[in-house]
Amino acid sequence: MTLVRCLNLLTSALLLAGIYAAVAVGMTVIYGVMKIVNLAHAGFLMLGMYFAYELFERFHIDPILGAMLALPVFFLFGMGVHWLLVRWLPKSDTPTLASLLLMFGFWLVLQNVGYLIWGNDDRSITTPRTLSSVSVGPISVPEVNLIVFAAALVCLVVLQIVFHRSWFGRSMRALIQNPYAAQIVGVDDERTSRLTFGLGTAFAGFAGALLAMVYTFSPDFGRPFLLRSFVIIVLGGLESVSGVALGAVVLALVETFGPYVPIPWYWHGWFFYHFSESLQPAVSFGLLVVVLLIMPQGLAGLFAKKRRLA
Amino acid sequence: MNRTSLFRENVGRLTVVALLASSVFTIQAWAQGGDTITIGVVLPITGKEGKPGQYQKEGIDLAIKQINDAGGVFVKDKGKKLPVKTVFYDDGSDSAKSASLTERAMSSDNVTAVLGGYSTALGEAESVMPDRYHTPWITTGAGATAIFGKGYQFTFGTLSPVALIGTTSAQFLGSLVDQGKLKKGLKVAMVVENTDHGIDYVNGFTEWSKKHPGYFEVVMSEKFELNATDFSGILQKVKGSGADVFLSDAHLPDYITMHRQYLQNGLRHQMVSYGARGPEVDARKALGDGVNYLFAGIWWSRNLPYPQAKKFTDDYKAFTGHEVDSWYAAPAFDGMRILAKAIETAGTLDKTKIRDALRKAELKDSILPGQILKFGANGQSEYPFVITQNKPQGKVDIVFPKDAATGEPVAPAPGK
């Protein structure tokens, strides 16, 4: 492989990591605090896409501004969903079947509402940025992917600041570490959960609005991203925001470079086997299985353990 | 228990059994259509295949409307024309649901025949049911040869084999070489979806290439995951392959995503195709002029120079309120028409006799390329594909074969 192609692939992998991180961050926040595997996350992503689409089509609002507007709207929407559905779930410090089924059912409802409102046409947002690229020497970087990457980075940084510098963040961290102890010292579990669900939904809506510039979408959108979000969350450590970035980068690198890595294989003699691109999901989910078996706390957990030992 | 109460209980039980039996027979008679012909239609109108499925449903509905407006289908057994009605099920683009709904239509609803099965994956799931229930099934949207190679006796298909898209694409490119528009020994990069559809496409292209050595050299052949999230890795390989021609076979969402990334990465080839995709309005909306000069091998085009194709285009618009912007509705429309013809020939609603009639049926005013629709020995129809090419200002021309052409092919594509 030439250096130029290697750099091109690396750039592609990092941009893909940006997309994955933008999608997974909302899900991680909700899982971390509430221990809810939010299967409706794909539905929130899809609604975010249509939100940006409607703003663009009706009012000619740029999708980037649309994504900004999605933040408060989806924050309120998430709080509404929490008030209406999620708060009735039994409290638990592990994911429950009830929460899984509720969110799966809600995803199906969102999908069907999408079909009712927008039908099953494949839609997309086309702006002058859609096909333009920034060239850095022999490397070309698609502009929209660059925007998503930057937005994902900002999201993660903001979330990290919120986590460590605000009362709300401290409450979230306390609930992540030990929900019972947190309540004993005065953390309002109900309020923090409501705000967390709102925040997670806001990030999903924001990511969806940005992805509307990158992908064609219909109400069915989101399934492949949902599955990859699981991998990222497990890779990054089930409750770690900074781990999301790490998980997204590792997954994107494995998916992008996987088909180029020769695997030594013995079948009537040694030879090198290359994964086909079509085996991408097998590579991703193989990685998920390996991580769950070897380091169930994820990469972030592994680094934390090393720090403690040092 | 005394005799009277025993008698009463038995009479009660017998009455319930008799009522149930009579209701079953009544339902069966109703489903078999004492005075109607009931056809099951199983298609996705929601989910990722919802749009093509909706178009196919509209094609079938239009054919039924026209048949019923003409008084229905003459069934000799009944001595009169019977109207056609449908039992419709939306499978939501879910193959398991698709199979179970086909089973329901054939067993509980006891329909005379079932139409449907878009796309190949859903059609494959449905294809196991017809022989189990001895009910004719015509897939209007699955063209992979795998479905028709299993020796099924009640399975028919109105799509020409997908392999023929590959063959016709090779023929078209070969004709451009013969005309001197492209140079012989073209290097071809092939990137197809990892489905029977994609595999058939590659096989068709390769078969023609082997029979006509010297025209092409396949420098890359890769598969990708259906509904993939990123194609940049595979496109880097295409870039590095030094190919002159880029051929892919993809469903609509993958075609749009891949071609967007193709353009963003600054790739250019003398000719580019995404198999049966290319002229769709959604693609032009998403990519604008980026879709110009792509060519596609498709089962039908509204530009076909047949009067019946023109009439279909007008009728479809009047019926649905929108233009026929893709090929999906046409094979479904003709699928219903050839079924009606077979029922009329069979002169009965007996499913095996209808199956036998379908084997011999010929629709001589077909709107599909070649103007004749009939089924081969394996149940699949085989008619020529047309090659279309997108031109600026949203124009789409048929460029191959010559006798159906509405415009000249532009080759190599400008910019390369």
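**Close-up 1. What lines the largest cavity of this predicted model?** By class, 10 polar residues, four nonpolar ones and one charged one make up the lining of the largest cavity. The space inside the largest cavity comes to about 130 Å³. Its lining counts 15 residues, and the ones nearest the centre are Ser12(A), Leu15(A), Pro142(A), Asn145(A) and Ser232(B). Both chains chip in: α1 (3-34) and β2 (139-142) of chain A, plus α9 (232-241) and α10 (252-264) of chain B, each give at least two residues to the lining of the largest cavity. The largest share comes from α1(A), which puts in six residues.

**Close-up 2. The second largest cavity.** Here the volume is about 70 Å³. This second largest cavity is lined by 14 residues; look for Asp122(A), Lys48(B), Glu49(B), Pro52(B) and Leu252(B), the closest to its centre. Two elements of chain B, α2 (50-69) and α10, give two or more residues each to this lining. Of those, α2(B) has the largest share of the lining, at three residues. Sorted by class, the second largest cavity has five nonpolar, four polar and five charged residues around it. If you are keeping a tally, the model has six cavities of 30 Å³ or more.

**Close-up 3. The largest pocket.** Now for an open space: the largest pocket holds about 850 Å³. Which residues sit nearest the centre of the largest pocket? They are Asp220(A), Arg223(A), Pro224(A), Lys48(B) and Asn227(B), out of 38 lining residues. On the chain A side, α4 (97-118), α9 (223-236) and α11 (280-294) give two or more residues each to the pocket lining, and α10 of chain B does too. The most comes from α9(A), with five residues. The class split for the largest pocket is 14 nonpolar, 14 polar and 10 charged residues. Lys48(B) turns up twice in these views: among the residues nearest the centre of the largest pocket, and among those closest to the centre of the second largest cavity.

**Close-up 4. A parallel sheet in chain B.** Five strands of chain B form an open sheet with parallel pairing, in the order β4-β1-β5-β6-β7. At the edges are β4 (84-90) and β7 (155-157) of chain B, each of which pairs on one side only. On average, and ignoring direction, neighbouring strands of the sheet are turned by 25° against each other. Zooming in on one pair, β1 (residues 37-43) and β5 (residues 113-118) of chain B run parallel and are joined by four bridges. For a handy landmark, take Gly40(B), whose bridge partner in β5(B) is Val114(B). Helix α13 (residues 329-346) of chain B packs on this sheet, where it touches β1, β4, β5 and β6 (137-141) of chain B. The direction of α13(B) makes about 160° with that of β6(B).

**Close-up 5. Two crossing helices in chain A.** The axes of α6 (residues 167-177) and α8 (residues 189-211) of chain A come within 10 Å and cross at roughly 105°. That angle is why α6(A) counts as roughly perpendicular to α8(A). From α6(A), the contact takes in Trp167(A), Phe168(A), Ser171(A), Met172(A) and Leu175(A). Facing them from α8(A) are Asp189(A), Arg191(A), Thr192(A), Leu195(A), Thr196(A) and Leu199(A). By class, the contact of α6(A) with α8(A) has six nonpolar, three polar and two charged residues.

Methods:
Residues are numbered from 1 along each chain as its sequence is written. Chains are lettered from A and ligands numbered from 1 in the order in which they are written. This is a predicted model: local features need pLDDT of at least 70, side-chain atom pairs count only at pLDDT 80 or more; totals for chains, interfaces and linings use all residues. Side-chain values use heavy atoms; hydrogens and water are left out. On a 1 Å grid over the protein atoms alone, a cavity is a set of points where a 1.4 Å probe fits but cannot get out, and a pocket is an open set with protein on both sides within 12 Å along at least five of seven lines; lining residues have an atom within 4 Å of a point. Grid points are joined across faces, edges and corners, and a volume is the space filled by probe spheres set on the points. Ala, Val, Leu, Ile, Met, Phe, Trp, Tyr, Cys and Pro count as nonpolar, Asp, Glu, Lys and Arg as charged, and the others, Gly among them, as polar. Two strands pair if DSSP finds at least two bridges between them. Axes are lines fitted to C-alpha atoms, for helices over the stretch in contact, and angles run from 0 to 180 degrees between N-to-C directions. Contact means heavy atoms within 4.5 Å. Angles under 35 degrees count as roughly parallel, over 145 as roughly antiparallel, 65 to 115 as roughly perpendicular and the rest as oblique.
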